[in-house]
Amino acid sequence: MATRRRGVSKQDIREQIWDYMESQNLADFPRPVHHRIPNFKGSYVACQNIKDLEAFARTQEVKVDPDKPLEGVRLLALQSKKTLLVPTPRLRTGLFNKIIPPPGATKDVLRRCATSEGVRNHSAPVGLDSRVLVDLVVVGSVAVSEKGWRIGKGEGYADLEYAMMVSMGAVGPGTPVVTIVHDCQVVNIPETLLEDHDLTVDYILTPTRVITTGCERPKPAGITWSKISWEMLGKIPILRSLRCREEQAGKDVTLRDEPRHLPATPSIVRKPRGLPPPELGSGQVEDAPSNTVYVGNLPRNARVSELKTALGVLGVAPLRLTWQGPQRRAFLHYRDAASAQRALLCLQGFHLGANALKVARARQQRASDLVGGHAEEPHPDHRPSIADP
């Protein structure tokens, strides 16, 4: 199948592929395939071709997207006892989940582990500070060319996931990228449509072919912050954490819709004006150390282990954590004010379960709170804003 005319857009190509797969009944569940990485009849056959790649045979750690047509590759990775990493949906709670099958898992159990339900039920989050070294990346595509140019469904998550892995040091320039598609999805794609942040592929697997692209176009060398919007940053906590790290390393992390003359720190909430100062009681101190962060609105049934895991995934694990589950709050104690500030930025808008956490600098606490004793309701300091660095 070839594109119908020169000068088409990425969306033109997507629509053509989706329409063709539906009209020719090549699509498979879930349908319709529009606005998805399309599943197709024969996807498991295409996935089996990965066994012919030396890159798969020698890999120990493989990252496979959660798309339905890649289910067969996830199963093969588990059957081959490779470490399988699957990105979390829309990166809401982190970057990866490591799939951990039950001990003695049968083929049927492994097959369930390879499904989206299995990814949810048999996985553990991988933190930002984890030493991950991915040997092979497998992504879904809507369209791909024999030269290695790739078009996704238009949301940019596969490109962003790869760029984030580069920033983490999890992949390098030589890490192979594979995509699995139906033969009709291999089309001519004008190189003029490609941008620097677009991920290219080294191998294309279809039900009938194994294509080595020989693509020499450089893959993304990291996150292109000028392509990231405030809206996307607000939705992806781990992206905020990476931004904090790269800003501290002196990199330009100015966002697409951020004025250049303002500091590159998210504007969350401005300091309320006109509020009376809190009353101080016996045993209280006027200002708690600035390296303590208050976390409130925890779910009623939350466990301290769940919060610790979430903090580890975001790369903002504290030196010490004071847990007050019955009061649905906790205090995070960091080494210094800079570490606490980074945690504040990364936790803005973060959900634990269904609850959006409330985070702020902890002030006006009893002195005993800071060494793990019983705490009163803190008086949070104002949250960071571009007006209050």
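The following paragraphs lead from the whole protein to one pair of helices and then to some backbone details.

The structure is a predicted model. It contains 11 helices and 17 strands. Of the 389 residues in the protein, 50% are buried. The accessible surface amounts to about 18600 Å², and carbon and sulfur atoms contribute 49% of that area. The contacts can also be sorted by how far apart the partners lie in the sequence. Among contacts with a separation of 6 or more, 67% are between residues 24 or more positions apart.

Attention may now turn to a single packing arrangement. Two packed helices are described by the angle between their axes and the distance between the axes. Helix H9 covers residues 237-248 and helix H11 covers residues 337-347. Their packing angle is about 145 degrees, and their axes are 8 Å apart. The crossing of H9 and H11 is right-handed. On the side of H9, the residues in contact are Pro 237, Arg 240, Ser 241, Cys 244, Arg 245 and Gln 248. On the side of H11, they are Ala 338, Arg 342, Leu 345, Cys 346 and Leu 347. Sorted by chemical character, the residues of this contact comprise six nonpolar, two polar and three charged.

The backbone offers further points of interest. Most residues other than glycine have a negative phi, and most peptide bonds are trans. Against this background, the loop between helix H1 (10-23) and helix H2 (43-48), where Pro 30 is placed, deserves inspection. The peptide bond that joins Phe 29 and Pro 30 is cis, with omega at about 0 degrees. Pro 32 is also found in the loop between H1 and H2, and the bond leading to Pro 32 from Arg 31 is cis, with omega near -5 degrees.

The loop between H1 and H2 also holds Asn 25. Although Asn 25 is not a glycine, its phi is positive, at about 55 degrees. Is Asn 25 buried, partly exposed or exposed? Its relative accessibility is 40%, so Asn 25 counts as partly exposed.

Another positive phi, of about 60 degrees, occurs at Lys 81, which is not a glycine either. Lys 81 is located in the loop between helix H4 (71-79) and strand E2 (83-87). Residues count as exposed when their relative accessible area is over 50%. Lys 81 has a relative accessibility of 75% and therefore counts as exposed.

Terms used: Residues are numbered from 1 along each chain as its sequence is written. This is a predicted model: local features need pLDDT of at least 70, side-chain atom pairs count only at pLDDT 80 or more; totals for chains, interfaces and linings use all residues. Side-chain values use heavy atoms; hydrogens and water are left out. Axes are lines fitted to C-alpha atoms, for helices over the stretch in contact, and angles run from 0 to 180 degrees between N-to-C directions. Helices (H or I, at least four residues) and strands (E, at least two) are DSSP runs, numbered from the N terminus. A crossing is left-handed if the near helix is turned anticlockwise from the far one by less than a right angle, and right-handed if clockwise. Contact means heavy atoms within 4.5 Å. Ala, Val, Leu, Ile, Met, Phe, Trp, Tyr, Cys and Pro count as nonpolar, Asp, Glu, Lys and Arg as charged, and the others, Gly among them, as polar. Buried means under 20% relative accessible area, exposed over 50%, partly exposed in between (1.4 Å probe, protein chains only). Accessible areas come from the Shrake-Rupley method with a 1.4 Å probe; for residues, only the protein chains shown count as cover.
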